[in-house]
Every structure is written in structure tokens, then in C-alpha cells.
Amino acid sequence: MVAKSDRLLALVVIARDEAASIAACLQSAAAVVETMIVLDTGSRDATVAIAEGCGAQVHHFAWCDDVAAARNAALASPTRAGT
């Protein structure tokens, strides 16, 4: 297994009200990524708490009916652990 400090891959997920599936999504990638980022676009369920519990950094983005804007915000998020 590759040491976490040697991994260069980040997982970035844009999510809203995904409490039923966010843990499985994050857990499936945790062994191969250095960091996990969830860009939450206004969840009203437990998505944020579950993502944080799985070790993801959670950033918030006010949904504006523009997927490209959300994607750009997600990509602008720090992608290295500790940054």
C-alpha cells in the first residue's frame, strides 16, 4: 500500500443531499487519494456531517443553477492535505 504522504491524487465531489451515498463514495476512494474534498451545494440532510466523519474537507457553495460554476469552485479548493 502506498503511504498517504506519497499519494498525489485528490478526490473532489460536488454534492447536495447525498447522505444515503456519500459515505460509500468517499470510503471507496480513501485508500488511493491523498485528500477528499466535498463541495456541498446546500444540503439539508446529513451529507456534510457524514463527509466530515469520513475525513473529507467540506467546502460550501451557494447553488446558482450553474454546474460549471460549482465545478470551478470545487477545482479552486485546496487539493493538498494541510493547504
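In what sense do strands S1 and S2 pair, and over how many bridges? Let me begin with that, while you have the structure in front of you, and please keep in mind throughout that this is a predicted model. Strand S1, which covers residues 10-15, pairs with S2 in the parallel sense, and six bridges hold the record of that pairing. If you would like one example to look for, take Leu-11, whose bridge partner in S2 is Met-36. Between these two strands the chain passes through helix H1, residues 22-29, and this β-α-β crossover from S1 to S2 is right-handed.

Now let us move to the other neighbour of S2. Strand S3, residues 57-60, runs parallel to S2, and four bridges join the two. Here the example to find is Ile-37, which stands opposite Gln-57 in S3. The connection is again a β-α-β unit, made by S2, helix H2 (residues 47-53) and S3, and this unit is right-handed.

With both pairings in hand, we can look at the sheet as a whole. Three strands form an open sheet with parallel pairing, and their order is S1-S2-S3. S1 and S3 are the edge strands, since each of them pairs on one side only. From one strand to the next, the twist averages 20 degrees. Helix H1 packs on this sheet, where it touches S1 and S2, and the direction of H1 makes about 170 degrees with that of S1. Helix H3 also packs on the sheet and touches S1 and S2, but for H3 the angle with the direction of S1 is about 145 degrees.

Let me stay with S2 a little longer. Why can we say that strand S2 is largely enclosed by the rest of the structure? We can say so because six of the six residues of S2, which spans residues 35-40, are buried. Thr-35, Ile-37 and Leu-39 point one way from the strand, while Met-36, Val-38 and Asp-40 point the other way, and all of these are buried. Thr-35 is a good residue to examine by itself, for it lies in S2 and is counted as buried because its relative accessible area is 7%, under the 20% cut-off. The side chain of Thr-35 also makes a polar contact of 3.0 Å with the side chain of Gln-57, and Gln-57 is the residue in S3 that we met opposite Ile-37.

For a contrast in setting, please turn to helix H3, residues 67-76, in which Asn-72 is found. Asn-72 counts as partly exposed, because its relative accessibility is 42%. The side chain of Asn-72 is joined to that of Arg-71 by a polar contact of 3.1 Å.

Finally, a word about the cysteines. How many disulfides does the structure hold? The structure holds zero disulfides. Cys-25 is in no disulfide, and the nearest cysteine sulfur to it, that of Cys-54, is 9.3 Å away. Seen from the side of Cys-54, the closest cysteine sulfur is the one in Cys-25, and a distance of 9.3 Å is too far for a bond, because a disulfide requires the two sulfur atoms to be within 2.5 Å. As for their surroundings, Cys-25 counts as partly exposed at 32% relative accessibility, and Cys-54 also counts as partly exposed, with a value of 23%.

Notes:
Residues are numbered from 1 along each chain as its sequence is written. This is a predicted model: local features need pLDDT of at least 70, side-chain atom pairs count only at pLDDT 80 or more; totals for chains, interfaces and linings use all residues. Side-chain values use heavy atoms; hydrogens and water are left out. Buried means under 20% relative accessible area, exposed over 50%, partly exposed in between (1.4 Å probe, protein chains only). Two strands pair if DSSP finds at least two bridges between them. A crossover is right-handed if, with the strands pointing away from the viewer, the path from the first strand over the helix to the second runs clockwise. A polar contact is a pair of N or O atoms within 3.5 Å; within protein, one must be able to donate a hydrogen and the other to accept it, and residues adjacent in sequence count only if both atoms are side-chain atoms. Axes are lines fitted to C-alpha atoms, for helices over the stretch in contact, and angles run from 0 to 180 degrees between N-to-C directions. Contact means heavy atoms within 4.5 Å.
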